[in-house]
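Trainee: I'm new to this one. Could you take me through the biggest pocket, starting from the outside of the chain?

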Amino acid sequence: MKTDTASWYTADDEPGSAEYGPVRGLGVTGQGEPGGEEYGICVRALYSVAGALPGAGPVPLEGRWWVEDPRPPLEVERALWRWHLFLRLPDELDPALVDQAREAARPSGAAVDRVQLVTFTEGRCVQLVHHGPYADEPASLARMDRYMRERGLVPNGLHHEIYLSDVAETDPAKMRTLLRQPCRPA
């Protein structure tokens, strides 16, 4: 299983398989439309705490997404989407520094108490790099679904996105998002 930072942020433009061990970072959970008020509050809190950590250099924002609704996720109103936002931390970072960073970031006014140190294991995944706007992701997700079906795999965890481009990027030609879906044999 891979856990190194370089492979975590790397995928091909076509669906492929990978397996990832545990990763640790800052996380915050919320509900609402991507780019909405709640989302913005949580992103600001994450970056406030991360900015107070020594040696936690810039890393891409990540989101793990789900809905609590029987309908397919893309048919659910975006205000009902749920997410875990995540910033990966260096493996060697002392976990005690996170509490210190939260305290140091408190004067920022950000909702720093919502930020937690989290660890999760992705396991076996299908992934690819999506090029273009977020609104065009369904075509890439369909390619990933087809890849899984052809190999007898089914989803086994939360849909995961890693925003390789700045999330404020507006030029669709420059937008890159790593899409990852944990999976298992059917």
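Mentor: Let's start at the surface: the chain exposes about 9,400 Å², and carbon and sulfur atoms supply 53% of that (Shrake-Rupley areas with a 1.4 Å probe; for residues, only the protein chains shown count as cover). Keep in mind that this is a predicted model, where local features need pLDDT of at least 70, side-chain atom pairs count only at pLDDT 80 or more, and totals for chains, interfaces and linings use all residues. Residues are numbered from 1 along each chain as its sequence is written, and side-chain values use heavy atoms, leaving out hydrogens and water.

Now the pocket. The largest one holds about 890 Å³ of space. Here a pocket is an open set of points on a 1 Å grid over the protein atoms alone, where a 1.4 Å probe fits, with protein on both sides within 12 Å along at least five of seven lines; lining residues have an atom within 4 Å of a point. Grid points are joined across faces, edges and corners, and the volume is the space filled by probe spheres set on them.

Of its 27 lining residues, Trp65, Leu74, Leu141, His159 and Glu161 are the closest to the centre. Helix 4 (137-150) gives at least two lining residues, and so do strand 2 (62-66) and strand 6 (159-163); helix 4 has the largest share, with seven. Helices (H or I, at least four residues) and strands (E, at least two) are DSSP runs, numbered from the N terminus. By class, the lining has 19 nonpolar, four polar and four charged residues, with Ala, Val, Leu, Ile, Met, Phe, Trp, Tyr, Cys and Pro as nonpolar, Asp, Glu, Lys and Arg as charged, and the others, Gly among them, as polar.
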